[in-house]
Amino acid sequence: MYLECKGNRFHLQCCSDFVISGEEFNALRFFSILFKIQLMNTRLLILLLLTILTKACTNQTNSPNILLILTDDQGYGDLGFHRNTLIETPELDRFFKTGISIPQFYVSPVCAPTRASILTGRYYQRGGVHGVTRGRERMRVEEQTMADLFKEAGYRTAIFGKWHNGGNHPYHPLSRGFDHFTGFASGHYSNYFDTTIEKDGNPFHTKGYLPDIFTNEAIEFMADKKAQNKPFFCFLTFQTPHTPLHVPDTYFEKYKAKGIDDFTSAIYGMCENIDDNVGRILTQLKELELEENTIVIFLTDNGPLTVRYNDGLKGRKGTVDEGGVRVPFGIRWPGTLASNKILKGAWTHMDILPTLLELTQVNVKPKNPLDGTSFAPSLKGENQQLNRTLFDNWGGRVRLLRDSLLLTHDGLYDLKNDRAQKTNLMERLPNIKNQLQNEFEAWETTLPADPEILPFQLGLPNNPSVVLEASQAILQPPFEFRKDRKHTGIAYHSLHGWAHDWIDHWTKSEAYALWRIEAKKEVAYEVYFEYGLDPKNKYPQLELTAKNQKLSIDQLPVFEPIALPDYDRVPRTQEAPAMQWKIHKVGEMTFPKGRYSLQLKSLAIAGEKSIELKSIRLNPKL
Ligand SMILES: [Ca+2]
């Protein structure tokens with residue numbers, strides 16, 4: 001009798017060496033022996049099951065939890081720990097001091113790429129992410145996320161806050177390894193107070209300030225998993241201090257009283273609110289007695305939006321200079337990792353996943369090759385020699401970092417002696433520049449040649465509803481974000497057409513909007529418009545076409561969009577305001593299987609312009 005272990009499965013084998021001769025044959029004895037063997041088998045099986053169960057329980061208890069906190073547009077300098085003498089972030093300062101901080105930690109220049117690289121441990125370009133809106137932020141379904149991996153390892157997974165890697169399934173967080181999602185999937189949100197977000201696929205009406213709500217939800221999740229004795233991966237992604245400049249009075253007035261301008265007062269106020277929420281969640285971890293069994297990481301997703309204190313770093317959000325991509329990073333795991341330590345070397349968002357896989361010792365293997373390197377050995381005090389070049393290419397803004405040498409599209413700098421990038425060494429070190437450029441070109445050949453806009457997917461197995469946001473449309477003629485954008489005959493209401501914007505200024509019947517879709521099978525939906533229509537423009541003739549299918553819409557009720565309460569500390573100049581729209585069923589439509597575009601045309605425009613469109617909603621036809 002022997003035990004065999006194949007992968008995660010145990011096989012119980014029984015081999016009998018009994019040889020019973022004809023002379024010795026005794027039926028009673030034979031059945032007695034058989035009974036004993038069966039009894040032994042049963043006892044062994046029970047013992048084996050108990051061992052497996054005990055091992056499983058031990059694993060659950062011992063696997064460290066993960067709390068990964070990410071903030072949005074909080075720069076390197078928006079922290080007391082980084083010598084900002086005006087901002088007050090005592091909780092984060094304490095967190096950085098009592099844990100391990102990395103002063104040279106890099107992310108990408110903007111939101112969606114950073115999130116994709118954190119989640120996959122890979123260059124975001126490999127996942128098809130190449131922008132922040134119009135579908136360029138969606139991540140290929142072939143990418144495996146950190147949530148996929150920890151879920152496979154038996155963790156309970158949740159994300160609270162902003163997502164920004166695709167709003168519909170299969171790009172939605174609930175399709176990317178997360179058991180729970182409370183937040184918003186888009187890159188921008190119009191209102192941070194008393195608003196409606198999403199909770200596990202359903203509308204969630206909130207009361208209060210969104211970052212407080214995300215923290216409450218995360219705390220509830222962690223307490224729940226503690227009660228269930230399940231390890232968790234909790235991704236808390238604050239959408240602040242990203243605009244709009246919505247912040248409670250107490251946080252704002254405090255910085256105004258210091259003589260700081262309104263914009264920066266709002267930003268600093270939002271950072272202090274984050275600080276309070278981080279303090280709350282860390283206190284909760286302690287009260288739940290999870291402190292020593294939880295790895296906590298804090299970082300931010302890119303540099304500051306505006307020019308403000310940034311600890312002497314050049315550049316801001318959107319640039320590949322140090323100020324655009326170097327961010328605060330701290331990790332804490334009391335009892336296991338050192339306290340009050342600074343880790344040297346250049347580390348990145350892509351390194352977080354391999355580091356966590358090594359620290360937690362989970363028995364899962366990523367299916368895609370990772371670009372990141374685990375810094376777990378360094379965290380544990382070992383010497384790690386890094387021999388790598390880090391690359392980025394954001395809209396033609398190129399960046400390479402090797403050791404302390406930084407090459408960007410406009411300069412070569414030695415960060416060891418010049419972290420502010422003041423001395424351009426390009427002409428003094430032409431060989432190094434050429435060598436780095438060759439490396440860059442070799443790296444680029446490993447990326448997808450022409451990143452495509454990943455289509456909306458219809459007819460998925462669970463047949464979820466699909467929201468075709470106006471901000472995700474491709475406008476024809478193409479949208480130009482400039483002040484006189486109305487000349488094209490169709491445009492977004494606000495300057496950039498970001499994720500909370502809508503189609504407006506639709507004055508020409510030859511101009512139209514399209515959405516790239518892929519229907520996995522023939523599928524029928526009820527079609528709803530989320531829109532506004534001024535009475536003086538009533539009865540435009542609209543037509544939706546999808547391959548050989550058409551839906552005519554010519555009796556839309558008028559509805560003037562209602563402006564929602566304005567909490568802005570500084571009037572918006574580039575972003576769309578929060579509005580209430582009408583949702584109205586315009587008909588039903590069958591989508592043939594295949595890949596094509598859904599087009600919305602305004603064949604006739606009555607009055608000054610056609611409708612203002614916020615979204616087209618497709619609900620499965622029952
Ligand atoms: Ca951001």
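This is a selection-by-selection tour of a predicted model.

**Domains.** Start by colouring the chain by its domain assignment, which gives domain 1 (2–60), domain 2 (63–394), domain 3 (397–444) and domain 4 (456–620).

**Domain 2 against domain 3.** Keep these two visible; their centres, taken over C-alpha atoms, are separated by 28 Å. Where they meet, 14 residues of domain 2 are in contact with 13 residues of domain 3. Select strand E15 (residues 389–394) next: with six residues, E15 gives the most to the side of domain 2 that touches domain 3. By residue class, that side of domain 2 divides into six nonpolar, four polar and four charged.

**The largest nonpolar core.** Now select Ala218, Cys234, Leu236 and Ile297, the residues with the most contacts inside the largest nonpolar core, which has 104 residues. Add helix H7 (residues 262–287), which gives the most to this core, with 10 residues. Domain 2 (63–394) and domain 3 (397–444) each supply at least three residues to this core. Centre the view on Ile297: leaving out residues up to four places away in sequence, Ile297 touches Leu68, Ile69, Ile331 and Ile352.

**A separate core.** Another core, of 39 residues, lies apart from that one; select Ala519, Phe591, Ile616 and Leu618, which are among its members.

**Strand E31 and its partners.** Show strand E31 (residues 594–604) with strand E24 (residues 512–519); the two run antiparallel and are joined by eight bridges. Pick Trp515 and look across to Leu598 in E31, which stands opposite. Then add strand E26 (residues 541–546), also antiparallel to E31 and joined to E31 by six bridges. To finish, select Leu544, whose bridge partner in E31 is Leu600.

Key
Residues are numbered from 1 along each chain as its sequence is written. This is a predicted model: local features need pLDDT of at least 70, side-chain atom pairs count only at pLDDT 80 or more; totals for chains, interfaces and linings use all residues. Two strands pair if DSSP finds at least two bridges between them. Helices (H or I, at least four residues) and strands (E, at least two) are DSSP runs, numbered from the N terminus. Domain bounds come from an automatic or database domain assignment. Two residues are in contact if their C-beta atoms, placed from the backbone, lie within 7 Å. Ala, Val, Leu, Ile, Met, Phe, Trp, Tyr, Cys and Pro count as nonpolar, Asp, Glu, Lys and Arg as charged, and the others, Gly among them, as polar. A nonpolar core is a set of buried Ala, Val, Leu, Ile, Met, Phe, Trp, Tyr and Cys residues joined through C-beta atoms within 7 Å. A residue is buried if 20 or more other C-beta atoms lie within 10 Å of its own, exposed if 12 or fewer, and partly exposed in between; C-beta atoms are placed from the backbone.
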